[in-house]
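Here is a short set of exercises to work through at your own pace. Keep the sequence and the structure open beside you, and try each task before you read its solution.

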Amino acid sequence: MRRRAARAAGLLGAVALLGVILLLSIAVGAKSLPLTDVWSGLLDRDATEYAVVHRMRLPRTLLGLLAGTALGVAGAVMQALTRNPLADPGLLGINAGASAAVATAAAFLGVTAIGGYVWFALLGAAVVTALVYAVGGGRGATPARLALAGAALNATLYSYVSAVMLLDAASLDRLRFWTVGSLASADAATVTRVAPFILAGLLVALAAARPLNALALGDDTARALGARPALIRAAVIVAVTLLCGAATAACGPIVFVGLLVPHLVRALTGPDLRWLLPYCAVLAPALLLGADVLGRVLGRPGELQVGMVTAVLGGPLFLWLVSRSRVAHP
Amino acid sequence: MRFRPRALAVGAGAALLAAGLGLVAIGSGDYPMGPADVLRTLTGGGTPAEQFIVSELRLPRLVTALLVGAALALAGTIFQSLVRNPLGSPDILGFTQGASTGALVVVVLGGSSLALAGAAVVGGIATGLVIYALAWRRGVHGYRLILVGIGVAAILTGVNGYLLTRAPLMDAARAVLWLTGSLDGRGWANAGPLLVVTAVLAPVVLVGCAAALRMMELGDDTASALGVPVVRLRLVLLASAVLLVSFAAAAAGPVSFVALVAPHVTRRLTRAPGPNLLPSMAVGAALLVGADLLAQRAFAGHQLPVGVVTGVIGGGYLVWLLAVERRAGRL
């Protein structure tokens, strides 16, 4: 009981942290706003800051919130499903699948708006999720095999994306910013476009938390506990597709958020997904927006793309995980 | 050194194929020449115009293609053998991305194509050192090397994407062309350094390490018991492979998947277990010359970079390989 109280208090603390970062994300940028101006910019239609906040900072912050939540939760359920500590939607090629589909749409089908991107991204994410799970998951899978299958798919898909960019200079100019992973292009339309997909994915993932806990004990035990393994797997794949596809369509492929956050959170909560998922849903956007704010501060007068910041922050953690021998063994 | 007749036949066949494709490649273009004309020109005959076209324009490109193919195939064979995994290749382990980072830095800062090639070499070698140091734990072992490589590759992919956004659009287009791997306009200055490196390292690997590499595939303990200095040999082999990849990238850009595919094709053809170093080199050379020929001629009026062709071929092959190797339980 006391543990439960501690976890609940921790979750409240995480929400408070996220709140601070949300405010920072609205305040920091090419024109920095003091915190008092953030309030007036949010609420007071006549304030000079109203346009900046509502046109640019607020959509960007909301998109970071949605995309961060999506990536963190997707990483957590994938790690649970594959029983694999290295599962990450970026490393396993799912975001690359969405990228390849979006590149195809942008170059050959003349799709330029986020509204069109999102369906292609979902399709690409779905195909790669199924493929990587079929190849590297399932019986007898090892962390290294799954990571390797993902890396191979990543290499293939990115060589395809760069070939597309090469054939068409217009899509190069558009896609080269998108493929790093950036929140800079966010506007209200983007947010409302991807929000339904991400919220649906979150609902499915949260609903799957308890049966996934049972599945962690093995298929037979899970069945004895009343869970249906095939159904859970299908539900998780649908959730991951919705979350990663929508997040990638909006901000491009972002690596390591889905890897980093569940690992940090597991140290706080243990493996119980009913706590792990809410923590991830709060802390992953805190990390993503934190990285975005950091990119805006470090890159002045321009900005560093958030995908680059998360890659550089998350990479060392991945290497540290690998250096613990448990993971690196076949 | 023992020769298996089948491996020898495969190597010779691939070398002949590469030579034949090379003749076609030299003969085709805006000024077409028959194979007989090409041979006559190569041996010193022909008109001055033909001499110029062959020895200054088309031969350097062909030589670069042959060398890049052979060097990548040799490096790929070494990697796959060392990490004991059919997917171990410089594309996946991060060395290619390191070379790309070096080159992109030059593109962003602005520099000559010579500086670009030099930076690619430096980037590849530096990445090799970092991966080796991070994967080191009383010797470097297969799975740790793969995972560290994947992590470093992911970091560098982020860095590369960022660098690409920093360049002006014209330079970015040039950078993407380079990143795909292209043989357009390659002259003797591109082929020279790679020729030297391959000429030095190929004998070192082929003569000095081939037998030991075969024993190391039995496992470190067995190899040590058989008298192989495992740790030192692995360092030499890794260094050779990284140098070959870096110089190949400097000559033609990081042409994808040749290092992955050539050793596999060779193993299937020779049906021999263990590394088939020399036949792999011949197959790699033939593969790249063939891919370049296809890239130049496949779409009339449109010259694709060779990396697009190898990427498409390699990607398809890879998906098939993943399925087959998984079914056989080898992956």
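**Exercise 1**

Does Phe257(B) count as buried or exposed? Work it out, then describe the backbone at this residue and at Phe256(A).

*Solution.* Please keep in mind throughout that this is a predicted model.
- Step 1: Begin with the neighbours of Phe257(B), which has 30 C-beta neighbours inside 10 Å.
- Step 2: The cut-off for a buried residue is 20 or more, so Phe257(B) counts as buried.
- Step 3: Now place the residue: Phe257(B) sits in the loop between α11 (230-252) and α12 (258-270) of chain B.
- Step 4: Look at the backbone, where Phe257(B) shows a positive phi of about 75° although it is not a glycine.
- Step 5: Turn to chain A, where Phe256(A) lies in the loop between α11 (229-251) and α12 (257-269). Phi of Phe256(A) is near 75°, again a positive value in a residue other than glycine.
- Step 6: Phe256(A) is buried, with 30 other C-beta atoms within 10 Å.

**Exercise 2**

Describe how α12(A) and α14(A) pack against each other.

*Solution.*
- Step 1: Take the distance and the angle: the axes of α12(A) and α14(A) (residues 306-323) come within 9 Å and cross at roughly 55°.
- Step 2: Name the arrangement. An angle of that value puts α12(A) and α14(A) oblique to each other.
- Step 3: Add the hand, as α12(A) passes α14(A) in a left-handed crossing.
- Step 4: List the residues that touch. From α12(A) come Val257(A), Leu259(A), Leu260(A) and His263(A), and they meet Thr310(A), Gly314(A), Leu317(A), Phe318(A) and Leu321(A) of α14(A).
- Step 5: Sort them by class, which gives 6 nonpolar, 3 polar and no charged residues.

**Exercise 3**

Sketch the overall fold of chain A in terms of its helices, strands and dimensions.

*Solution.*
- Step 1: Count the elements: chain A has 15 helices and 0 strands.
- Step 2: Compare the radius of gyration of chain A, 20 Å, with the 20 Å that the globule rule gives for 330 residues; the two are close, so chain A is as compact as a globular protein of that length.
- Step 3: Add the dimensions, with the C-alpha trace spanning about 60 × 55 × 35 Å along its principal axes.
- Step 4: Check burial: 57% of the 330 residues of chain A count as buried.
- Step 5: Consider the contacts in chain A with a separation of 6 or more, of which 76% join residues 24 or more positions apart.

**Exercise 4**

Which residues does Gly128(B) touch, not counting residues up to four places away in sequence?

*Solution.*
- Step 1: Locate Gly128(B) in helix α6 (residues 113-135) of chain B.
- Step 2: With 25 C-beta neighbours inside 10 Å, Gly128(B) counts as buried.
- Step 3: Leaving out residues up to four places away in sequence, Gly128(B) touches Phe95(B), Leu238(B) and Val242(B).

**Exercise 5**

How many residues of chain B are in contact with chain A, and which elements provide them?

*Solution.*
- Step 1: Count both sides: 38 residues of chain B are in contact with 40 residues of chain A.
- Step 2: Find the elements of chain B that give two or more residues to this side, namely α4 (90-93), α7 (142-166), α8 (169-180) and α14 (306-327).
- Step 3: Pick out the largest share, which is the 17 residues from α7(B).
- Step 4: Finish with the classes: the side of chain B that touches chain A has 25 nonpolar, 10 polar and 3 charged residues.

How values were computed. Residues numbered from 1 in each chain as written. Chains lettered and ligands numbered in written order. Predicted model: local features only at pLDDT ≥ 70, side-chain atom pairs only at ≥ 80, totals over all residues. Contact = placed C-beta atoms within 7 Å. Helix = DSSP H or I, 4+ residues; strand = E, 2+ residues; numbered from the N terminus. Nonpolar A, V, L, I, M, F, W, Y, C, P; charged D, E, K, R; others polar. Buried ≥ 20, exposed ≤ 12 C-beta atoms within 10 Å, placed from the backbone. Rg over C-alpha atoms; globule rule 2.2 N^0.38 Å. Axes fitted to C-alpha atoms, helices over the stretch in contact; angles between N-to-C directions. Parallel < 35°, antiparallel > 145°, perpendicular 65-115°, else oblique. Left-handed = near helix turned anticlockwise from the far one by under 90°.
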